[in-house]
Amino acid sequence: FRSKNPQKEFRFWFPLSKKFNNYISNSSNKNIVDGGGSFVDACEYMIGLCETQIKKYKKSGNDEKVMDFEESLATFTKWKKRAEYELLGSN
């Protein structure tokens with residue numbers, strides 16, 4: 001996470017991707033996952049977004065974009081799984 005004043009509150013979470021500025025934004029207005037939630041919720045949101053984009057770009061035949069979003073999908077899925085393991089391990 002890179003930011004002048006890193007924020008860990010959910011309202012400041014911003015996807016970690018080159019496409020989404022690589023850092024948690026200092027502005028809660030830039031948060032695409034609004035409302036309350038958890039890290040798992042944020043991952044689920046981003047997984048859904050990636051799946052939608054993959055369908056869109058498959059339909060248009062843009063294989064490069066499909067591969068980019070498939071890579072992001074794999075990353076968010078991995079993050080979600082690790083978070084779930086961590087949560088289960090702490091109970």
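Which residue just after α1 takes a positive phi? Select G61 to find out: its phi is about 80°. The structure on screen is a predicted model, and the tour below proceeds from this residue to the helices, their shared core and their charged pairs.

**First stop: helix α1**

Select residues 39-60, which form α1. The end C-alpha atoms of α1 are 32 Å apart, which agrees with the 32 Å that its 22 residues should span at 1.5 Å a residue.

Next, colour the buried residues of α1: V40, A42, C43, M46, I47, C50, Q53, I54 and Y57. Turn the view until it looks down the axis of α1; the buried residues fall within an arc of 145°, so they line one face of the helix. An α-helix has 3.6 residues a turn, so residues three or four places apart point the same way. The buried residues of α1 pack against α2.

Now rotate to the face of α1 turned away from its buried side, and display K55 and K59; both are exposed. T52 also belongs to helix α1. With a relative accessibility of 47%, T52 counts as partly exposed. A distance drawn from the C-alpha of T52 to that of F69 should read 9.4 Å, for two residues that are 17 apart in sequence.

**Second stop: helix α2**

Select residues 63-89 for α2. This helix has 27 residues, and the distance from its first C-alpha to its last is 39 Å, close to the 39 Å expected at 1.5 Å a residue.

Which residues of α2 are buried? Highlight V66, F69, S72, L73, F76 and A83. These buried residues of α2 pack against α1.

**Third stop: the nonpolar core**

Show the side chains of M46, I47, C50, I54, Y57, V66, F69, L73 and F76 together; these nine residues make up the largest nonpolar core. Both α1 and α2 supply at least two residues of this core. The largest share, five residues, comes from α1.

Centre the view on V66, a member of this core. What does V66 touch, once its neighbours within four places in sequence are left aside? The contacts of V66 are then with I54, Y57 and K58. Of these partners, I54 and Y57 are listed in the core as well.

**Fourth stop: the salt bridges**

Side chains of opposite charge can pair when their charged atoms come close. How many salt bridges does a search of the whole structure find? The search finds two.

For one of them, display the side chains of E44 and K80, where the N to O distance is 3.3 Å. This pair links distant parts of the chain, with E44 in helix α1 and K80 in helix α2, 36 residues apart. E44 is partly exposed, and its relative accessible area is 39%.

Keep K80 selected and add E84, which forms a salt bridge with K80; the closest N and O atoms of this pair are 4.0 Å apart. Both E84 and K80 lie in helix α2, four residues apart, or about one turn of the helix. E84 is partly exposed as well, at a relative accessible area of 32%.

Finally, show E44, K80 and E84 in one view: the three are linked in a network of salt bridges.

Conventions: Residues numbered from 1 in each chain as written. Predicted model: local features only at pLDDT ≥ 70, side-chain atom pairs only at ≥ 80, totals over all residues. Heavy atoms only, no water. Core = buried A, V, L, I, M, F, W, Y, C linked by side-chain atoms within 4.5 Å. Buried < 20%, exposed > 50% of the residue type's maximum accessible area, 1.4 Å probe, protein only. Contact = heavy atoms within 4.5 Å. Expected span 1.5 Å × (residues − 1). Arc of directions from axis to C-beta.
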